Amino acid sequence: EIPVIDADTKQVWYGIDALLEILGQKLPFIKTAGNIKPVKWVLYKFYRFISYNRRVIVASGQPAGNFDCTPDFNVRYRISFLAIFLVFNTLMLFPFQQYLLSNSLFKTTSIQQLQWIHLTIVSLNIGMAARLGKKAGIEYLGQVNMLALTGILLTVPLVIINKYLHLGNIGINSFYLGVLAVLIIREYRRRMTFAHIISTYRWIVIANILSITAFLLYLIF
């Protein structure tokens with residue numbers, strides 16, 4: 001838990017108490033509401049959920065020197081992270097297909113096909129992760145899950161434009177998806193480098209490239 005220290009009184013707050021103390025200086029009602037027992041319990045759990053997964057969320061290495069405040073690896077919170085965002089990504093495929101994919105070069109792709117591809121890719125990644133060992137496998141799945149979440153979130157603005165503003169067309173949507181693909185490839189490389197997949201398990205990268213290529217060809221033809 002990240003601490004906040006009052007330099008004058010030497011009082012120290014940790015974690016969610018520290019955040020409430022900082023926010024409460026500008027917005028007192030946040031501190032008041034946050035200290036209500038049921039609300040604080042939820043905030044505390046959410047803080048721990050983010051804290052135990054913040055290294056996989058940002059995919060940043062240990063800072064220089066010997067001090068690192070990142071919490072120890074926690075299987076329960078990591079599995080919760082994987083499960084929650086797997087469900088979220090799966091549900092987001094419905095508006096993605098309806099308002100974006102159906103108005104692009106992949107307009108013939110049905111939601112059933114998209115969900116089948118998604119399930120297959122998830123299954124393949126779980127199978128590959130099982131060969132890495134417990135910690136390395138879960139770390140790999142965390143990076144893949146976060147990569148998928150990033151891609152889904154980046155499509156939200158275009159889904160909104162297509163659904164509510166009706167400004168999207170095949171050209172705009174296809175161009176946006178192309179740019180998004182480039183960004184995701186760069187992010188994939190960064191995250192796989194962070195997780196030591198590229199340097200240690202290059203066969204996984206090859207398997208990912210082959211599977212994505214196969215599914216794109218399946219969607220096109």
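Below are a few worked exercises on this predicted model.

**Exercise 1. Get your bearings: how many helices and strands does the protein have, and what pattern do they follow along the sequence?**

Start with the inventory: the protein has nine helices and two strands. Next, put them in sequence order, which gives β-β-α-α-α-α-α-α-α-α-α. For the overall dimensions, take the C-alpha trace, which spans about 70 × 45 × 30 Å along its principal axes. Then look at burial: 35% of the 221 residues count as buried. Last, check the contacts with a separation of 6 or more: residues 24 or more positions apart account for 62% of them.

**Exercise 2. Work out which residues of helix H1 are buried, and what they pack against.**

Step one is to find H1, which covers residues 15-26. Its buried residues are Gly15, Ile16, Ala18, Leu20, Glu21 and Gly24. Step two is to see what sits against them: the buried residues of H1 pack against strands S1 and S2, and against helix H2 (28-34) and helix H3 (37-58).

**Exercise 3. Classify how H6 and H7 are arranged, from their axes.**

Two packed helices are described by the angle between their axes and the distance between the axes. Here H6 runs over residues 134-165 and H7 over residues 170-194. Their axes come within 10 Å and cross at roughly 160°. Anything over 145 degrees counts as roughly antiparallel, so H6 is roughly antiparallel to H7. As for handedness, H6 passes H7 in a right-handed crossing. Now list who does the touching. On the H6 side, the contact includes Glu139, Tyr140, Leu147, Gly151, Leu158 and Asn162. On the H7 side, the residues include Ile172, Tyr176, Leu180, Ile184, Tyr188 and Phe194. Sort the whole contact by class and you get 14 nonpolar, five polar and three charged residues.

**Exercise 4. Do the same for H4 and H6: which class does their crossing angle put them in?**

The axes of H4 and H6 come within 8 Å, and the crossing is at roughly 30°. The cut-off for roughly parallel is under 35 degrees, so H4 and H6 are roughly parallel to each other. H4 passes H6 in a left-handed crossing. By class, the contact of H4 with H6 has 21 nonpolar, five polar and four charged residues.

**Exercise 5. Take the aromatic pairs: how many are there, and what is the geometry of Phe81 with Phe85?**

The count comes to six aromatic pairs. For Phe81 and Phe85, the centres are 5.0 Å apart and the planes make 65°. Over 60 degrees counts as edge-to-face, and that is the class of this pair. Now ask how the two sit in the chain. Residues three or four places apart in an α-helix point the same way, because there are 3.6 residues a turn. Phe81 and Phe85 are four residues apart in helix H4 (residues 75-99), so about one helical turn separates them. Both Phe81 and Phe85 are buried. To finish, follow the ring pairs outward: they link Phe49, Phe81 and Phe85 into a cluster.

**Exercise 6. Compare that with Trp116 and Phe215: why is the pair edge-to-face, and which parts of the chain does it tie together?**

The ring centres of Trp116 and Phe215 are 6.0 Å apart and the planes are at 80°, so this pair is edge-to-face. Trp116 lies in helix H5 (residues 111-130) and Phe215 in helix H9 (residues 202-220), so the pair ties together parts 99 residues apart in sequence. Check burial for each partner. Trp116, at 46% relative accessibility, counts as partly exposed. Phe215, at 11%, counts as buried.

**Exercise 7. Go through the backbone: where do Lys10 and His196, with their positive phi values, lie?**

Begin with Lys10, where phi is near 65°, a positive value in a residue other than glycine. Lys10 is found in the loop between strand S1 (3-5) and strand S2 (12-14). Its relative accessibility is 60%, so Lys10 counts as exposed. Then take His196, also a residue other than glycine, with a positive phi near 60°. His196 lies in the loop between H7 and helix H8 (197-200).

**Exercise 8. Find the C-alpha separation of Ala207 and Leu93.**

First place Ala207, which is in helix H9. With a relative accessible area of 26%, Ala207 is partly exposed. Along the chain, Ala207 and Leu93 are 114 residues apart, and their C-alpha atoms are separated by 23 Å.

How values were computed:
Residues numbered from 1 in each chain as written. Predicted model: local features only at pLDDT ≥ 70, side-chain atom pairs only at ≥ 80, totals over all residues. Heavy atoms only, no water. Axes fitted to C-alpha atoms, helices over the stretch in contact; angles between N-to-C directions. Parallel < 35°, antiparallel > 145°, perpendicular 65-115°, else oblique. Left-handed = near helix turned anticlockwise from the far one by under 90°. Contact = heavy atoms within 4.5 Å. Nonpolar A, V, L, I, M, F, W, Y, C, P; charged D, E, K, R; others polar. Phe/Tyr/Trp six-rings, centres within 6.5 Å; stacked < 30°, edge-to-face > 60°. Buried < 20%, exposed > 50% of the residue type's maximum accessible area, 1.4 Å probe, protein only.
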